[in-house]
Amino acid sequence: MHDGPVEIHTANVPRARDSLGYALVVAALTICYVALGLSASLRKSQTGDEGAHLTGGVSYWARNDYRIQPENGNLPERLGGLPVWLSGYQLPSTDNAAWRELRQWDFAEEFFYQSGNDADQMLLRGRAVMTLLGVSLAWLICGWSRRLFGPAAGLLSLTIFVFSPPMLTHGFLITSDMASALFFTAAVASLWRLLHRVSPWTLTATWLALSGLFLSKFAAPMIVPIGGLLLVVRLCNRRPAELVGWGPARECRGPLRQFFLYLAIVPLLVLGVALSIWASYGFRYAMLNPALGASEVSIDWAAVTNKSATVNRSIEMAREQRLLPEAYLYGFSHVLRNSASRSAFLNGAYRHRGWRSFFPYCFAYKTPLAVFVILVLAAAAGWRFGRAARKTSDASAPGNDAASRARPDRSRLYEITPLIALLAVYWAFAITSHLNIGHRHLLPIYPALFIMAGAAAWWFAPAAWACHVPPVRASAPRQSARRSEAGNVALRCVLVGALLWAVGDGLWIWPHYLAYFNPLAGGPWNGYRHLVDSSLDWSQDLKETKAWLDAHPNDTSDPRRLYFAFYGAPPPEYYGIHAQRLPSFPFKWQPHVTEPLTGGTYLISATTLPGVVCLMPGRWNEGYESLYRNLRRSFNVYRTSSTTAEGRRKLTDYAPEQQWQAMLNTYETARFMRLASYLRQREPDDEIGYSILVYRLTDEEVAEAIDGPPVELLPEPEWETENRRYGIETENP
């Protein structure tokens, strides 16, 4: 009886499994990954979350204080902030108002752009060290695939990873996304190994992987149902568990004994992970460092209160008993609250609680089509090998019984159980999630897919099939063999073509990896029609914008006719971009009298075009139009009356100046969103990094956009009919 992994005979695969040549190929691919990703990151400005992550990491090392960016554990932040802290970059003073008032985004902006620091150098140092996460994941994928399917499979999986735009994007950003992908994969692998071999080494590896996961992302509790699935499958398999390292090696047989063995291990892992969390927060409960005057600052726990009374009571109990550090509990509560609802955009539609189809669309649009082809070939290889193995089993098994015929397939499926469990559980949570803000949240599923894609390498080894296919009957000897070989050659050519396609995608889209969209979405040029925010436009293209403006002097000849609606944290002025600021995110209004818009060059971040982060998101409607007309009348009254002292007195008698300024801000937003609704009906004149859209408008076109009939209230346009035909929603909020 054969219960172990199916042996794959790879006659045509390079024989030097542990040879220097194999190691050199792995090293060359790794260097290629680092070179592509790091060189691309040099062309990109700070992305949305990097400022808070890096600032938080530096503050953890420099001040032992955890008020900045507590939403992800703190391992990625510590890693990214370490080289910046060691380089001597100074945080703003603890007397800083943003520091005292826990305004982390404002404090991060001051650290980057207002304290005399070189923001680009800080980003380079932080991004360079984050490369360690991507490289570690690449090697883990290669090793796991090689162990399952052979050396060629390891190289195939590694190549797909190296040239994957999502991996090249997030492997070089100072965020928690690549750490999440790495530690989810490592935790599943180590748990599966521990369920088969209990030793000090497997216990330590599992503890470290789980600790890394829980210190990287608050999605970590998903590992519990994944582990539960693995345990059920393991107990049903009935294979004995090895006990190594406590005296002579021995076996634990029987599902009941194994269950109690694993049950005894669980508290050890829980205590180990808790110890790691406490160590990462300096073994201190308080989120704020008492030595820095923390007693004068209060933490607003009400701001992270959840709708679920059970969740609130559990967190309150954990606080009272001090089961975990305060910063960790605060971050966990914050994530739960904000994941309940969030502004989301998909295929031209806007919602506040997202769609069940959001992440499937993300996966379909942002995954290179070549990867899908390779996965299909991997599935075909598994089916072909399974059929061959069943025939061999039919010929050799005593009695030719059904159980013997099914055993090879069952064994192979058993070996990929952890990958299937990870995919199943993670997809279940993703589809039901209301946090529809970015494709990056799917990153942990890709390593499992890349590993499974390695099975396609079997098509490079036709001799492998000969070892399992029974002798061909004499009635049709050569014709059947020729057809089989021709099929193998055809599939081999398809695999080579798909692999070259995947490599070409990774090279062609450089350096705009974040903006990658496959042909299903119409390519990166049409990405803004389907997804925004961190799936496309994460404030990364300020350097590209400056280069574009330098290359187009006609668009910058009159700064008064250059407009910029920017989405992101870094100030455009830091990169020498001086334009009229349109309503942007984050909102940083200054009291002013709104100036009229003129014709000129309009630079519009893809996320601001549909208004996802503005006060008037989605398609322009009757309610927006009515509000806009009322605001316009109030604005005309203010503009006319504020020119004289008597008029200003009457205005302040009617309402305080702050209310008038709030009205002006709201009017400016409404005016811009009316302009945006006009621009959504036309193609941009150019795209910068695929994330910033360029429109050149005349005075007449601007006047039509803000004063003429609103185009989105006219009879239904043709594109709307097409959207409905293909099931794409374009609802109003």
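Author: A salt bridge is a side-chain nitrogen of Lys or Arg within 4 Å of a carboxyl oxygen of Asp or Glu. The structure discussed here is a predicted model.

Reader: Which residue meets Arg440 in a salt bridge?

Author: A salt bridge requires a nitrogen of Lys or Arg within 4 Å of a carboxyl oxygen of Asp or Glu. The side chain of Arg440 satisfies this with an N to O distance of 3.3 Å, and its partner is Asp177.

Reader: How many residues apart in sequence are the parts that Arg440 and Asp177 tie together?

Author: Arg440 lies in the loop between helix H18 (417-432) and helix H19 (445-453), whereas Asp177 belongs to helix H9. Because the two residues sit in these separate elements, the pair ties together parts whose separation in sequence is 263 residues.

Reader: Is Asp177 buried or exposed?

Author: A residue counts as buried when its relative accessible area is under 20%. Its partner Arg440, at 8%, meets this condition. Asp177 has a relative accessibility of 2%, so Asp177 is buried.

Reader: Which residues are linked with Arg440 in a network of salt bridges?

Author: The pair of Arg440 and Asp177 belongs to a network of salt bridges. Besides Arg440, the members of this network are Asp49, Asp177 and Lys217.

Reader: How many salt bridges does the structure hold?

Author: Side chains of opposite charge can pair when their charged atoms come close. One such pair here is Arg253 and Glu251, with 2.7 Å from N to O. Glu251 is partly exposed, with a relative accessible area of 48%. For the structure, the number of salt bridges is 27.

Reader: With which residue does Arg682 form a salt bridge, and where does that residue lie?

Author: Arg682 is found in the loop between helix H25 (657-679) and strand S9 (686-688), and at 22% relative accessibility it counts as partly exposed. The closest N and O atoms of the salt bridge are 3.4 Å apart, and the partner is Glu701. This partner is also partly exposed, with a relative accessible area of 23%. The pair ties together parts 19 residues apart in sequence, and Glu701 lies in helix H26 (residues 699-707).

Reader: Which strands stand at the edges of the sheet of three strands?

Author: The open sheet has the order S1-S2-S3, with mixed pairing. Each edge strand has a single partner strand, so one side of each is left without a neighbour in the sheet. The strands at the edges are S1 (197-198) and S3 (250-252).

Reader: Which residue in S2 stands opposite Val198?

Author: Strands of a sheet pair through backbone hydrogen bonds, either parallel or antiparallel. Here S1 and strand S2 (residues 241-243) run parallel and are joined by two bridges. Opposite Val198 stands Leu243.

Reader: What span does helix H3 reach from its first C-alpha to its last?

Author: Helix H3 covers residues 75-86, which is twelve residues. At 1.5 Å a residue, the expected span is 16 Å. The span in the model is close to this, at 17 Å.

Reader: Against which helices do the buried residues of H3 pack?

Author: The buried residues of H3 are Pro76, Glu77, Arg78, Gly80, Gly81, Pro83 and Val84. Just after the helix, Gly88 takes a positive phi of about 90°. The buried residues of H3 pack against H2 (50-63), H5 (104-113), H6 (119-149), H9 (177-194) and H12 (255-280).

Reader: How far apart in space are Gly599 and Thr698, C-alpha to C-alpha?

Author: Gly599 is located in the loop between strand S7 (580-581) and strand S8 (600-605). With 0% relative accessibility, Gly599 counts as buried. Among the residues that Gly599 touches are Arg561, Tyr563 and Thr698. Gly599 and Thr698 are 99 residues apart in sequence, and their distance in space is 4.3 Å.

Reader: Which residue's backbone oxygen does the side chain of Ser642 reach?

Author: Ser642 lies in the loop between helix H23 (622-641) and helix H24 (645-654). At 17% relative accessibility, Ser642 counts as buried, and Ser642 touches Arg648 and Leu651. At a distance of 2.8 Å, its side chain reaches the backbone oxygen of Tyr638.

Reader: What share of the residues in the chain is buried?

Author: The chain has 27 helices and ten strands, and it exposes about 31700 Å². Of the 733 residues in the chain, the buried share is 54%.

Notes: Residues are numbered from 1 along each chain as its sequence is written. This is a predicted model: local features need pLDDT of at least 70, side-chain atom pairs count only at pLDDT 80 or more; totals for chains, interfaces and linings use all residues. Side-chain values use heavy atoms; hydrogens and water are left out. Helices (H or I, at least four residues) and strands (E, at least two) are DSSP runs, numbered from the N terminus. Buried means under 20% relative accessible area, exposed over 50%, partly exposed in between (1.4 Å probe, protein chains only). Accessible areas come from the Shrake-Rupley method with a 1.4 Å probe; for residues, only the protein chains shown count as cover. Two strands pair if DSSP finds at least two bridges between them. The expected span of a helix is 1.5 Å times one less than its number of residues. Contact means heavy atoms within 4.5 Å. A polar contact is a pair of N or O atoms within 3.5 Å; within protein, one must be able to donate a hydrogen and the other to accept it, and residues adjacent in sequence count only if both atoms are side-chain atoms. Lists of a residue's contacts leave out its neighbours within four places in sequence.
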